[in-house]
Amino acid sequence: MIRLTIDKLLKELKISRYELAKRTGVQYQIIDNYYKNKVRRYDSYILERICKALECDISDIIEYKE
């Protein structure tokens with residue numbers, strides 16, 4: 001199972017979903033769906049924008065568990 005861990009990273013960095021939406025230029029609702037793991041197909045463009053905004057690697061926001 002692939003799971004997004006954006007919620008954990010945002011808590012560590014003390015950044016809100018609204019602030020992340022502003023930094024990425026991505027609509028709040030889309031960021032909220034990624035935050036709540038309601039996404040079935042991951043958009044590489046959005047993941048790239050999130051990584052750039054948070055200055056992190058993709059492995060910091062996605063985890064794989066069997």
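**Figure 1. Glu63 and its partners from the start of the chain.** Not counting residues up to four places away in sequence, Glu63 touches Met1, Ile2, Arg3 and Thr5. Everything shown here and below comes from a predicted model. Glu63 sits in strand S2, which covers residues 62-64. Along the chain, Glu63 and Met1 are 62 residues apart, yet their C-alpha atoms are separated by 8.3 Å. Is Glu63 buried or exposed? Neither label fits: with 21% relative accessibility, Glu63 counts as partly exposed, because buried means under 20%.

**Figure 2. Thr5, tucked into a loop.** Now we move to one of the residues that Glu63 touches, Thr5. Thr5 has its place in the loop between strand S1 (2-4) and H1. Its relative accessible area is 8%, so Thr5 is buried. Which residues does Thr5 meet once neighbours within four places in sequence are left aside? They are Asp60, Ile61, Ile62 and Glu63.

**Figure 3. The largest nonpolar core.** This core has 20 residues, and the members that touch the most others are Ile6, Leu10, Leu20, Tyr34, Ile50, Leu54 and Ile61. Four helices each give two or more residues to this core: H1 (6-13), H2 (17-24), H3 (28-35) and H4 (44-54). Which of the elements gives the most? That's H4, with six residues.

**Figure 4. A closer look at Leu54.** Leu54 is among the core members that touch the most others. If you set aside neighbours within four places in sequence, Leu54 is in contact with Leu9, Leu10, Leu13, Ile15 and Leu20. Two of these partners, Leu10 and Leu20, also appear in that same list of core members.

**Figure 5. Where H2 meets H3.** Here's a pair of helices to pick out by eye. The axes of H2 and H3 are 9 Å apart, and the two helices pack at an angle of about 120 degrees. H2 and H3 are therefore oblique to each other. The crossing of H2 past H3 is right-handed. On the H2 side you'll find Arg17, Tyr18, Leu20, Ala21 and Thr24, which meet Tyr28, Ile31, Asp32 and Tyr35 on the H3 side. Sorted by class, this contact has six nonpolar, one polar and two charged residues.

**Figure 6. Where H2 meets H4.** H2 also packs against H4, at an angle of about 105 degrees and with the axes 9 Å apart. That angle makes H2 roughly perpendicular to H4. From H2 come Leu20, Arg23 and Thr24, and from H4 come Arg49, Ile50, Ala53 and Leu54. The residues in this contact divide into four nonpolar, one polar and two charged. Leu20 and Thr24 of H2 also take part in the contact with H3.

**Figure 7. Two loop residues with positive phi.** Most residues other than glycine have a negative phi, so a positive one is worth a look. Asn37 isn't a glycine, but its phi is positive, at about 55 degrees. You'll find Asn37 in the loop between H3 and H4. With a relative accessible area of 27%, Asn37 is partly exposed. What is the phi of Glu55, another residue other than glycine? It's near 50 degrees, again a positive value. Glu55 lies in the loop between H4 and S2. At 75% relative accessibility, Glu55 counts as exposed.

Definitions and conventions:
Residues are numbered from 1 along each chain as its sequence is written. This is a predicted model: local features need pLDDT of at least 70, side-chain atom pairs count only at pLDDT 80 or more; totals for chains, interfaces and linings use all residues. Side-chain values use heavy atoms; hydrogens and water are left out. A nonpolar core is a set of buried Ala, Val, Leu, Ile, Met, Phe, Trp, Tyr and Cys residues joined through side-chain atoms within 4.5 Å. Buried means under 20% relative accessible area, exposed over 50%, partly exposed in between (1.4 Å probe, protein chains only). Contact means heavy atoms within 4.5 Å. Axes are lines fitted to C-alpha atoms, for helices over the stretch in contact, and angles run from 0 to 180 degrees between N-to-C directions. Angles under 35 degrees count as roughly parallel, over 145 as roughly antiparallel, 65 to 115 as roughly perpendicular and the rest as oblique. A crossing is left-handed if the near helix is turned anticlockwise from the far one by less than a right angle, and right-handed if clockwise. Ala, Val, Leu, Ile, Met, Phe, Trp, Tyr, Cys and Pro count as nonpolar, Asp, Glu, Lys and Arg as charged, and the others, Gly among them, as polar.
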